[in-house]
Amino acid sequence: MVSRMQGRQRDRGAGFVEYAGLMIIIAGIFTLIDGLGLDGMISGAIRDAVNDVIGG
């Protein structure tokens with residue numbers, strides 16, 4: 001047990017847990033944006049920023 005905690009395999013499986021946590025956070029952000037109706041405001045801000053950059 002001690003050799004596992006000190007060796008190269010101590011983080012084995014942590015990648016999946018971190019990936020799953022990140023996906024839950026991203027899903028929560030998208031749900032919040034959709035629930036508050038901010039999707040139109042965000043897309044409009046992005047469109048305006050792109051138009052400013054390309055001069056359109």
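A patch, in these exercises, is made of residues with over 30% relative accessible area and no salt bridge, where like charges are joined within 9 Å and nonpolar side chains (Val, Leu, Ile, Met, Phe, Trp, Tyr) within 5 Å. A salt bridge is a side-chain nitrogen of Lys or Arg within 4 Å of a carboxyl oxygen of Asp or Glu. The model is predicted, so that local features need pLDDT of at least 70 and side-chain atom pairs count only at pLDDT 80 or more, while totals for chains, interfaces and linings use all residues. Residues are numbered from 1 along each chain as its sequence is written, and side-chain values use heavy atoms, with hydrogens and water left out.

**Exercise 1. Describe the elements of the protein and the confidence in them.**

Step 1. The protein has 3 helices and 0 strands (DSSP runs of H or I with at least four residues, and of E with at least two), in the order α-α-α from the N terminus.

Step 2. The average pLDDT, the predictor's confidence in each residue from 0 to 100, is 83 for the protein, and 75% of the residues score at least 70. Among the elements, helix α1 (residues 2-6) has the lowest mean, 59, and α3 the highest, 92.

**Exercise 2. Compare the span of α2 and of α3 with expectation.**

Step 1. The expected span is 1.5 Å times one less than the number of residues in the helix.

Step 2. The 23 residues of α2 reach 33 Å from first C-alpha to last, close to the expected 33 Å, and α2 is followed by Gly-37, whose phi is positive, near 70 degrees.

Step 3. Helix α3 (residues 39-54) has 16 residues and reaches 23 Å, close to the expected 22 Å; Gly-55 follows α3, with a positive phi near 80 degrees.

**Exercise 3. Locate the nonpolar patch and examine Phe-30.**

Step 1. Tyr-19, Leu-22, Met-23, Ile-26 and Phe-30 make a nonpolar surface patch of about 520 Å² (Shrake-Rupley method, 1.4 Å probe).

Step 2. Phe-30 lies in helix α2 (residues 14-36), in which the count of buried residues is 0.

Step 3. Is Phe-30 buried or exposed (under 20% or over 50% relative accessible area, with partly exposed in between; 1.4 Å probe, protein chains only)? Phe-30 is exposed, because its relative accessible area is 58%.
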